[in-house]
Amino acid sequence: MEKPRFSMRAFAAALEMYHVRPDDWERLCQQCGRCCFERAVTDEGDVVVNFAAPCEFLDLQTRLCSVYDDRFVQCARCRKLTPSTVFFAHHLPKECAYVQTFLNRSWRDDA
Ligand code: SF4
Ligand code: SF4
């Protein structure tokens, strides 16, 4: 997988959306549930989702969280998705809408 290029412009856009338009940030999620399975990162930096190992709170039929409003209390491993986690944690699959929007799109700092 080609590694996304860090772009200050993309990071600034993510920060602006996260802080100023939080509803738009939330709406980006396509509720695919991929971030609710165990994942591993290969030496090449690819994120591999283990679909045999879902979070105990994931509804496998709908791919929705069954404790969404309380997820950070119910699940010790659940983490809030922020611009920092999208850009620096490197554990989101390439299909994730946040990765697609801010990392895989061709943003140019000099544009
Ligand atoms: S608790 Fe977190 S990781 Fe588990 S299903 Fe809900 S959102 Fe996904
Ligand atoms: S992988 Fe991304 S788009 Fe899919 S549910 Fe998780 S945050 Fe939303």
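A residue here is buried if 20 or more other C-beta atoms lie within 10 Å of its own, exposed if 12 or fewer, and partly exposed in between, with C-beta atoms placed from the backbone. By that count Gln30 is partly exposed, because it has 13 other C-beta atoms within 10 Å.

Before going further, some ground rules. This is a predicted model, where local features need pLDDT of at least 70, side-chain atom pairs count only at pLDDT 80 or more, and totals for chains, interfaces and linings use all residues. Residues are numbered from 1 along each chain as its sequence is written, while chains are lettered from A and ligands numbered from 1 in the order in which they are written.

**Overall picture**

The chain has 5 helices and 4 strands; helices (H or I, at least four residues) and strands (E, at least two) are DSSP runs, numbered from the N terminus. Their order from the N terminus is α-α-β-β-β-β-α-α-α. Along the principal axes, the C-alpha atoms fill a box of roughly 45 × 35 × 20 Å. The radius of gyration of the chain is 15 Å, which agrees with the value near 13 Å that a compact globule of 111 residues would have. That radius is taken over C-alpha atoms, and the globule rule is 2.2 Å times the number of residues to the power 0.38. Of the 111 residues, 13% count as buried. Two residues are in contact if their C-beta atoms, placed from the backbone, lie within 7 Å. Of the contacts with a separation of 6 or more, 52% come from residues 24 or more positions apart.

**The hairpin**

Strands β1 (residues 37-41) and β2 (residues 47-54) pair in the antiparallel sense over 5 bridges; pairing asks that DSSP finds at least two bridges between two strands. Val41 has Val47 in β2 as its bridge partner. The two strands form a hairpin with 5 residues between them, and Gly45 in the turn has a positive phi of about 90 degrees.

**Around the ligands**

A residue belongs to a ligand's surroundings if its C-beta atom, placed from the backbone, lies within 6 Å of the ligand. Ligand 1 sits among Cys36, Cys55, Phe57, Leu58, Cys65, Val67, Arg71, Cys75 and Cys78. That shell has 8 nonpolar, no polar and 1 charged residues. Ala, Val, Leu, Ile, Met, Phe, Trp, Tyr, Cys and Pro count as nonpolar, Asp, Glu, Lys and Arg as charged, and the others, Gly among them, as polar. Ligand 2 has 13 residues around it, the closest being Cys29, Cys32, Cys35, Cys96 and Ala97. Its shell splits into 9 nonpolar, 3 polar and 1 charged.

Back to Gln30: this residue is in the loop between α2 (22-28) and β1. Gln30 and Ala97 are 67 residues apart in sequence, yet 6.4 Å apart in space, C-alpha to C-alpha.

**The core**

Which residues make up the largest nonpolar core? The 11 residues are Ala10, Ala14, Cys35, Cys36, Val86, Phe87, Leu92, Cys96, Tyr98, Phe102 and Leu103. Helices α1 (8-20), α4 (83-89) and α5 (97-103) each supply at least two of them, and α5 gives the most, with 3 residues. A nonpolar core means a set of buried Ala, Val, Leu, Ile, Met, Phe, Trp, Tyr and Cys residues joined through C-beta atoms within 7 Å. In soluble globular proteins, nonpolar side chains tend to be buried together.

Phe102, in helix α5, is buried because it has 22 C-beta neighbours inside 10 Å. Leaving out neighbours within four places in sequence, Phe102 is in contact with Ala10, Ala13, Ala14 and Val86. Phe102 and Val86 are 16 residues apart in sequence and 8.2 Å apart, C-alpha to C-alpha. Cys35, also in the core, touches Leu92 and Cys96, not counting residues up to four places away.

**Two residues with positive phi**

Arg63 and His90 have a positive phi without being glycines.

| Residue | Phi | Loop | C-beta neighbours inside 10 Å |
|---|---|---|---|
| Arg63 | about 65 degrees | between β3 (58-59) and β4 (64-65) | 15, partly exposed |
| His90 | about 60 degrees | between α4 and α5 | 14, partly exposed |
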